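Colleague: Please take one helix and look at it closely. What does its buried side pack against, and how does the rest of the fold connect to that place?

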Amino acid sequence: MDQTLYSAEPVAIVRLPTQVIIAEPSAIRALDPSLPPEIQQRLLTMQYRHVTLQDAKVSGNAYYDAQQQDWIIRTTRLEPAFKGLVFEAMLARLCREQQPSVGKRAFAWCTNRSIGRVTQKMLDEYIPFITADRRLQDRPLTATFYNPGSPFDLQFYRINEAGAAELALQADTGALAGIQAKAIQGSERTEIIDPVLSGRYPHVLTMLNHKTGEHSYEVCRRLLSAMVKKNEITSERAMNALNRITYPAALGIDQAYIEDYSAFISLSYTQRVQPASDLVEAIALEVSENLTSSPGGILVPAQRDLILPPTLQ
């Protein structure tokens, strides 16, 4: 996997009963069942702490506590909803960081284009964003794009020749293009299948494996097949629906990265109810190049504006 997905920390020293392993953190699968739980948690923190706070912040679930002078995660949402929001921000981030792979595939899929018909010019022009990002409201050009209730979690916009911001459209229909991200491990019929069949969700990326190891996408495939056998839908409708559902690897995202990140989000979520001094290490801070010093002298995430086209930066 591309090493940019991981922390900039140079090495991880993992001490096992009979050996010492010195390696890049990303070279070791954090959830390897042969590793003790405390080692798994340490590796998860090393690999994901630099992005968890960043993604939680963009999704509106990380706040700077002036009294404690620390960034902390606070949310009233249940864990699946919280995880879904963080995954939305993660998806937009990976589309930017991994533009030739994740960004290109995501844009092609949601706009109903083949990979070969997505040009570099398109990728440079269209900016990925999540509709729950409150910062959209800070600029007149993007204010109308803020819509937490949208059927799209991720969309793309560009600045047209008239200087206005416009959203990416589906190439064949002219309808708005975008992706709904799901972090569920059950209820696929009501959460994915029915909204796709009804047209509410044009494209759904379902993220996680079930505890059995079966991916949520495979559950969707099985459910659609069963609906055809029961004559609930035609095979054509089932195929059309399945073409509008996908999984991380189809967009160039390693499933192991998703599963490990999910485990770290769960760890962060569980520890959010503890005192802030205990919580900060669990959610951690971004790597040093993304930190600035607060008035109190601690490192906090640098305030980042929305990603804008080069002509507006």
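Modeller: Start with helix H7. Its buried residues pack against three elements: helix H5 (188–198), helix H6 (216–229) and strand S10 (245–246). This is a predicted model, so every value here is computed from predicted coordinates.

Which residues of H7 are buried? H7 spans residues 235–243, and its buried residues are Ala-238, Ala-241 and Leu-242. They span an arc of only 100 degrees around the axis, so they sit on the same side of H7.

Now look at the loop before H7. Asn-231 lies in this loop, between H6 and H7. Is Asn-231 buried or exposed? Its relative accessible area is 70%, so Asn-231 counts as exposed. Its backbone deserves a check too. Most residues other than glycine have a negative phi. Asn-231 is not a glycine, yet its phi is positive, at about 60 degrees.

At Asn-243, within H7 (235–243), there is a link to a distant part of the sequence. Asn-243 and Pro-202 are 41 residues apart in sequence, but their C-alpha atoms are 9.9 Å apart in space. Where is Pro-202? It sits in the loop between H5 and S9. Pro-202 has a relative accessible area of 14%, and because the cut-off for buried is under 20%, it is buried. Beyond its neighbours within four places in sequence, Pro-202 contacts Phe-152, Gln-170 and Arg-244.

H5 has a loop at its other end as well. Ser-187 is in the loop between strand S8 (180–182) and H5. Ser-187 is another residue that is not a glycine but has a positive phi, about 60 degrees.

Next, follow H7 to helix H3. H7 and S10 are among the elements that cover the buried residues of H3. The cover also includes helix H2 (79–97), helix H4 (120–125), strand S6 (154–159) and strand S9 (204–206). H3 runs over residues 99–110, and its buried residues are Val-102, Gly-103, Ala-106, Phe-107, Ala-108, Trp-109 and Cys-110. After H3 comes Asn-112, with a positive phi near 60 degrees.

Cys-110 needs a separate word. What is its relative accessibility? It is 0%, so Cys-110 counts as buried. Cys-220 also has 0% relative accessibility and therefore counts as buried. The structure has zero disulfides. Cys-110 is in none; its nearest cysteine sulfur belongs to Cys-95, 8.2 Å away. A disulfide needs sulfur atoms within 2.5 Å, so the Cys-110 and Cys-95 pair does not qualify.

Phe-107 of H3 leads into the main core. The largest nonpolar core has 37 residues. Phe-87, Met-90, Phe-107, Phe-156, Ile-179, Met-207 and Ile-258 touch the most other members. The elements that give two or more residues to this core are H2, H3, H4, S6 and helix H8 (255–271). H2 supplies the largest share, nine residues. A second core is separate and has 16 residues, including Val-196, Tyr-201, Leu-224 and Ile-245. In soluble globular proteins, nonpolar side chains tend to be buried together.

H2 and S6 also meet at a sheet. The sheet is open, with three strands in the order S5-S6-S7 and antiparallel pairing. Which strands form its edges? Strand S5 (127–130) and strand S7 (165–167) do, and each pairs on one side only. Neighbouring strands of this sheet are turned by 40 degrees against each other on average, ignoring direction. S6 and S7 pair antiparallel over three bridges. Ala-165 in S7 is the bridge partner of Ile-159. H2 lies across S5 and S6, and runs at about 170 degrees to S5.

Finally, the whole chain. It has nine helices and twelve strands. Of its 313 residues, 50% are buried. Take the contacts between residues at least 6 apart in sequence: 62% of these join residues at least 24 apart.

To return to your question: the buried residues of H7 pack against H5, H6 and S10. H7 is also one of the elements covering the buried residues of H3, and H3 in turn gives two or more residues to the largest nonpolar core.

Conventions: Residues numbered from 1 in each chain as written. Predicted model: local features only at pLDDT ≥ 70, side-chain atom pairs only at ≥ 80, totals over all residues. Heavy atoms only, no water. Buried < 20%, exposed > 50% of the residue type's maximum accessible area, 1.4 Å probe, protein only. Helix = DSSP H or I, 4+ residues; strand = E, 2+ residues; numbered from the N terminus. Arc of directions from axis to C-beta. Contact = heavy atoms within 4.5 Å. Core = buried A, V, L, I, M, F, W, Y, C linked by side-chain atoms within 4.5 Å. Pairing = 2+ DSSP bridges. Axes fitted to C-alpha atoms, helices over the stretch in contact; angles between N-to-C directions.
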